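Colleague: I am new to this structure and would like a close look at a single part of it, followed by how that part sits among its surroundings. Please take your time and connect the pieces as you go.

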2 protein chains.
Amino acid sequence: MKLFVYHTPELTPKDQVPDCAIAVDVLRATSTIATVLSAGGEAVQVFSDLDELIAVSETWPPQKRLRAGERGGGKVAGFELGNSPLDCTPELVEGRRLFISTTNGTRALKRVQDSATVLTAAFINRAAVVQYLLEKQPETVWIVGSGWEGSYSLEDTACAGAIAHSVVEKSQLPPEKLAGNDEVISAIALYSQWQDNLLGLLHHASHGQRLLRLECHEDLKYCSQTDVLTVLPIQQEAGVFKTKN
Amino acid sequence: MKLFVYHTPELTPKDQVPDCAIAVDVLRATSTIATVLSAGGEAVQVFSDLDELIAVSETWPPQKRLRAGERGGGKVAGFELGNSPLDCTPELVEGRRLFISTTNGTRALKRVQDSATVLTAAFINRAAVVQYLLEKQPETVWIVGSGWEGSYSLEDTACAGAIAHSVVEKSQLPPEKLAGNDEVISAIALYSQWQDNLLGLLHHASHGQRLLRLECHEDLKYCSQTDVLTVLPIQQEAGVFKTKN
């Protein structure tokens, strides 16, 4: 297994996909995906285009769907949810499909959607992703951060580091054997430095600060927890994620 | 002072330059620049194009010039030096101008050459750069890594982190006040994790591994030393660096 970390989808090598791709958008798309599937949601379907989301979700029975999305910091009219994973309670999501629009998260997912396997990861379901890698041993693995408007993001890189750190620890492979690029070593260092204070790290992150200004303290707290959900979101068809099994 | 770290020149914001730019190419251009100026070289003039280097250096008296450059891993015919800083002894460089061609290092320097102040940094002269920042307090500072063929490089990011780490320590500014982007926090974490084993880090770096295959062990050892030279290379005219004073 060779692991590659890419800070943003734009930095991935052109005209290639890996055997296994892991998209990360800690704040908040991939944290939400894990939460919804863990709470019994039927699936999560991801869109970059709001109009396309509306068109597709309209073909779905209203009692079987939920729609989540924000524009300009506010919930879209007619949608049940904004972008907070905390709203995705079992009572609400059980048996329903979440149609979600997310600018940054979707770019990473689109970039890797043709890979044989596409997973999503956040701190909250890190262990499930690591377990999959150790069991399946895919030859090439890309962890792709979403970043923020094309820029590097601290939280996605730290989550990539959390995955790599745990694979190293559990496989007893030396990091230099596992690492396919320099970013892996750096992501492991970032996670190692901050693993006991991930909430503090999210407070330093520019996207974290943006969410704090929007009064999303509880979201940051929730998204900074590690290994609290056992769910593994895996792509079934382009843009549609379900739990493994 | 706001500090921004950019992993490669391509990732800097378009159509802007900072008050003070710091170009980093630890392996090996900026390590060589510091070494030559510290050893009494008159100046270092940097070129991306080998033919341009040859044309300009031909106008210079042979006893006043040195030429350094490699193509395909070997020294250019007629040049006195390859790319190893270890060859830049005081006996050789005293009073002479070094004309140097370096693919990766030059891209970072070109990108920022219109900034009011352009410095070059490596681990070996880190303290001199930090002292300049603390004395002059430029409003915006960019530290721009050279990377390797447009990709992230571990050694340049760690050097950026070494600078930021020391500015934080000496100014008593909290990192979040100093940091203009997420990359700063991450670079500090990378340096903090590896500061006692920078040679080990260079051995992990993909460009470090490339140099090890070319039998450049001693270069890596030399470039991994911190604060051993007090020289501050500062741009006098586009592409020409001299010591401050």
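Modeller: Let us begin with helix α4 of chain B, whose buried residues pack against β2 (20-24), α1, β3, β8 (117-121), β9 (140-145) and β11 (240-243) of chain B. What you see is a predicted model, and every value below is computed from it. The helix covers residues 103-112, and its buried residues are Asn104(B), Gly105(B), Thr106(B), Ala108(B), Leu109(B) and Val112(B). In an α-helix there are 3.6 residues a turn, so residues three or four places apart point the same way. At the N-terminal end of α4(B), Thr102(B) acts as a cap, with a side-chain oxygen that lies 3.1 Å from the backbone nitrogen of Gly105(B); Gly105(B) is also one of the buried residues of the helix.

Among the elements that α4(B) packs against is α1 of chain B, and a residue of that helix deserves a look of its own. Ser31(B) lies in α1, which runs over residues 29-38 of chain B, and Ser31(B) counts as buried because its relative accessible area is 0%, where the cut-off is under 20%. The side chain of Ser31(B) reaches the backbone oxygen of Val26(B) at a distance of 2.7 Å. Once residues up to four places away in sequence are set aside, Ser31(B) touches Asp25(B), Val26(B), Pro85(B), Ala122(B), Ile124(B) and Cys223(B), so that Val26(B) appears both as a contact and as the partner of the side chain.

The loop between α1 and β3 (43-47) of chain B holds Glu42(B), while Arg97(B) lies in strand β7 (residues 97-101), so the pair ties together parts that are 55 residues apart in sequence. Arg97(B) and Glu42(B) form a salt bridge in which the closest N and O atoms are 2.9 Å apart. Side chains of opposite charge can pair when their charged atoms come close. Of these two residues, Arg97(B) is buried, at 6% relative accessibility, whereas Glu42(B), with a relative accessible area of 29%, is partly exposed.

Chain A offers further examples of such pairing. There, Glu42(A), Arg97(A) and Lys242(A) are linked in a network of salt bridges. Within this network the side chains of Glu42(A) and Lys242(A) meet at 3.2 Å, N to O, and the pair links distant parts of the chain, with Glu42(A) in the loop between α1 and β3 (43-47) and Lys242(A) in strand β11 (residues 240-243), 200 residues apart. Glu42(A) is partly exposed at 28% relative accessibility, and Lys242(A) is likewise partly exposed, with a relative accessible area of 28%.

Another salt bridge of chain A joins the side chains of Asp219(A) and Arg28(A), at 2.6 Å from N to O. Asp219(A) lies in helix α11 (residues 217-223) and Arg28(A) in the loop between β2 (20-24) and α1 (29-38), so here the pair ties together parts that are 191 residues apart in sequence. Asp219(A) counts as buried at 5% relative accessibility, and Arg28(A) counts as buried at 10%. Over all chains, a search of the whole structure finds 15 salt bridges.

Where the two chains meet, however, the rule finds 0 salt bridges across the interface of chain B and chain A. The same search for polar contacts finds 8 residue pairs across that interface, both residues being at pLDDT 80 or more. On the side of chain B that touches chain A, α6 (154-171), α8 (182-194) and α9 (198-204) each supply at least two residues, and the largest share, 9 residues, comes from α8(B). Sorted by class, that side of chain B has 9 nonpolar, 7 polar and 4 charged residues. In total, 20 residues of chain B are in contact with 20 residues of chain A, and the area buried between the chains is about 1700 Å², of which carbon and sulfur atoms give 59%.

How values were computed
Residues numbered from 1 in each chain as written. Chains lettered and ligands numbered in written order. Predicted model: local features only at pLDDT ≥ 70, side-chain atom pairs only at ≥ 80, totals over all residues. Heavy atoms only, no water. Contact = heavy atoms within 4.5 Å. Buried area = accessible area lost by both parts, 1.4 Å probe. Salt bridge = Lys/Arg side-chain N within 4 Å of Asp/Glu carboxyl O. Polar contact = N/O pair within 3.5 Å; in protein donor to acceptor, adjacent residues only side chain to side chain. Helix = DSSP H or I, 4+ residues; strand = E, 2+ residues; numbered from the N terminus. Nonpolar A, V, L, I, M, F, W, Y, C, P; charged D, E, K, R; others polar. Buried < 20%, exposed > 50% of the residue type's maximum accessible area, 1.4 Å probe, protein only.
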